[in-house]
Amino acid sequence: MAGLVLGAVLIAACSSGGSDSGSPDEPTVDLNQIQVLGSHNSYHLQPREEIFTVLEGLSKELAESIEYSHVPLDEQFTEHGVRQIEIDVFADPEGGLYADQAANPVVDLPEASGIPELDEPGFKVLHTQDFDYATNCLTLTICLEEVEAWSSANPDHVPVMVMIEGKQETIEEAAGELGDGVEIPDLGFTEPVRFTPELFDDLDAEITSVIPEEMIITPDDVRGDHDTLEEAVLEDGWPSLDDSRGKIMFALVNTGDERDVYLEGHASLEGRVMFTSSEPGEPDAAFLRLDDPIEEGEQIMELVEAGYLIRTRSDTPTADARNNDTTRRDAALASGAQFVSTDYEVPDSMFGTGYVVSIPGGTPARCNPVNAPADCTPEAIAEPSG
């Protein structure tokens with residue numbers, strides 16, 4: 001890794017540093033030379049009290065990790081300056097797979113949701129099937145319609161990154177990852193559909209059915225004539241911020257089998273809509289996830305300098321907010337990661353600590369503390385409408 005990073009830094013140092021669309025009187029800032037606030041599981045609402053109480057009895061760790069709610073997406077954009085969101089999607093090609101919620105009868109709630117949108121084919125948005133299903137937008141289409149409406153109403157906005165995680169875990173697999181020996185009784189939970197190349201084709205198509213292609217920054221746009229996407233970002237850099245205003249980027253969160261499936265036949269993301277969470281040295285490497293800014297802070301800085309886009313996390317689910325521990329938050333902001341993701345774009349009120357994450361300076365974006373050009377100013381990157 002160290003050799004790859006050093007080589008990337010040397011390549012970036014000799015490169016042109018991206019497109020140049022600024023006027024002689026204004027600094028040219030590329031879209032990877034800013035830092036913005038992101039929200040984690042941006043759609044998520046805490047489960048209703050009856051279900052949450054049962055979860056607490058099964059696993060305190062599980063219950064605490066999902067004890068948070070986000071405001072609607074347009075409010076995140078407008079009121080809190082969020083410019084990166086994260087959406088979890090479950091494939092439902094036939095429709096109706098998530099229309100029933102198996103945990104409900106345990107607390108004397110109806111199993112059938114009665115929600116027409118859940119009977120339709122398409123990708124459904126929720127955190128965990130059957131019990132942690134409350135959401136601000138029920139389907140990917142509904143979420144993206146909100147993004148498109150806000151973007152069209154604010155055409156000069158800093159580009160928005162929409163991160164999508166393809167979910168396919170069973171309840172048993174999800175429980176096993178907790179590591180505290182929790183056993184969830186078998187209530188006939190829904191078994192998710194596993195992602196295939198064809199389902200990822202459908203996912204790309206659902207995105208472009210809502211967001212016009214001219215509003216999307218795609219891997220093809222960034223790669224240009226280069227052989228690989230990584231070569232493009234390390235040698236030529238990213239488009240300028242001015243050329244990217246009003247546009248939307250998409251990235252696949254998954255780093256395991258799902259990423260490999262998405263890349264089948266698209267090694268450098270040719271024809272794909274989403275960037276991928278990759279690793280240096282891979283043909284698709286342009287966007288990377290390093291979620292621990294304390295342990296990985298130095299590495300994040302090196303990768304930002306090299307030319308990659310990085311997402312990191314400013315807090316682990318609810319723990320930092322409960323203790324008002326800002327160590328991780330401060331490390332995330334200092335790391336230069338372009339996307340600093342939090343569950344607390346709104347100050348905590350549940351735990352009484354007031355924990356919150358915001359971009360220093362109070363704007364939707366700031367000049368990146370690691371790689372911004374010396375002449376970058378808040379005025380150069382400000383959103384004119386804001």
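Which residues form one aromatic cluster with F123? The cluster is made up of F123, F195, F200 and Y262.

Before going further, some ground rules: this is a predicted model, where local features need pLDDT of at least 70, side-chain atom pairs count only at pLDDT 80 or more, and totals for chains, interfaces and linings use all residues. Residues are numbered from 1 along each chain as its sequence is written, and side-chain values use heavy atoms, with hydrogens and water left out.

**The aromatic cluster**

Searching the whole structure turns up 8 aromatic pairs. For that search, rings of Phe, Tyr and Trp (its six-membered ring) pair if their centres lie within 6.5 Å; planes under 30 degrees apart count as stacked, over 60 as edge-to-face and the rest as tilted. One of the pairs is F123 with F195, which is stacked, at 6.3 Å centre to centre and 10 degrees between the planes. F123 sits in the loop between β2 (82-90) and β3 (124-125), and F195 in the loop between α6 (171-176) and α7 (197-210), so this pair ties together parts that are 72 residues apart in sequence. Helices (H or I, at least four residues) and strands (E, at least two) are DSSP runs, numbered from the N terminus. F123 and F195 are both buried, where buried means under 20% relative accessible area, exposed over 50% and partly exposed in between (1.4 Å probe, protein chains only).

Y262 has company too: the charged end of R272 sits over its ring, 4.2 Å from the centre. That label needs NZ of Lys or CZ of Arg within 6 Å of the ring centre and within 35 degrees of the ring normal.

**Two buried charged residues**

D88 lies in strand β2 and counts as buried at 1% relative accessibility. R223 belongs to helix α8 (residues 219-223) and is buried as well, at 7%. Here are their polar contacts (pairs of N or O atoms within 3.5 Å; within protein, one must be able to donate a hydrogen and the other to accept it, and residues adjacent in sequence count only if both atoms are side-chain atoms).

| Side chain | Partner | Distance |
|---|---|---|
| D88 | Y43 side chain | 2.6 Å |
| D88 | K167 side chain | 3.4 Å |
| R223 | S268 backbone oxygen | 2.6 Å |
| R223 | L269 backbone oxygen | 3.4 Å |

Contact here means heavy atoms within 4.5 Å. Leaving aside residues up to four places away in sequence, D88 touches N41, Y43, K124, V125, L126, H127, E165 and K167. With that same exclusion, R223 touches T228, L229, A232, S268, L269 and E270.

**Helices with a buried side**

In α7, the buried residues are L199, F200, L203, D204, E206, I207 and V210. They cover an arc of only 160 degrees around the axis, so they are on the same side of α7; the arc is that of the directions from the helix axis to the C-beta atoms. E198 and S209, on the other side, are exposed. The buried residues of α7 pack against β2, α5 (140-153), β4 (160-167), β5 (216-217), β6 (248-252) and α11 (257-263).

Helix α4 (residues 73-80) buries L73, Q76 and F77. Those residues fall within an arc of 95 degrees, so they line one face of the helix, while T78 and E79 on the other side are exposed. The cover over the buried residues of α4 includes β1 (34-39), β2, α5 and β4. After α4 comes G81, with a positive phi near 70 degrees.
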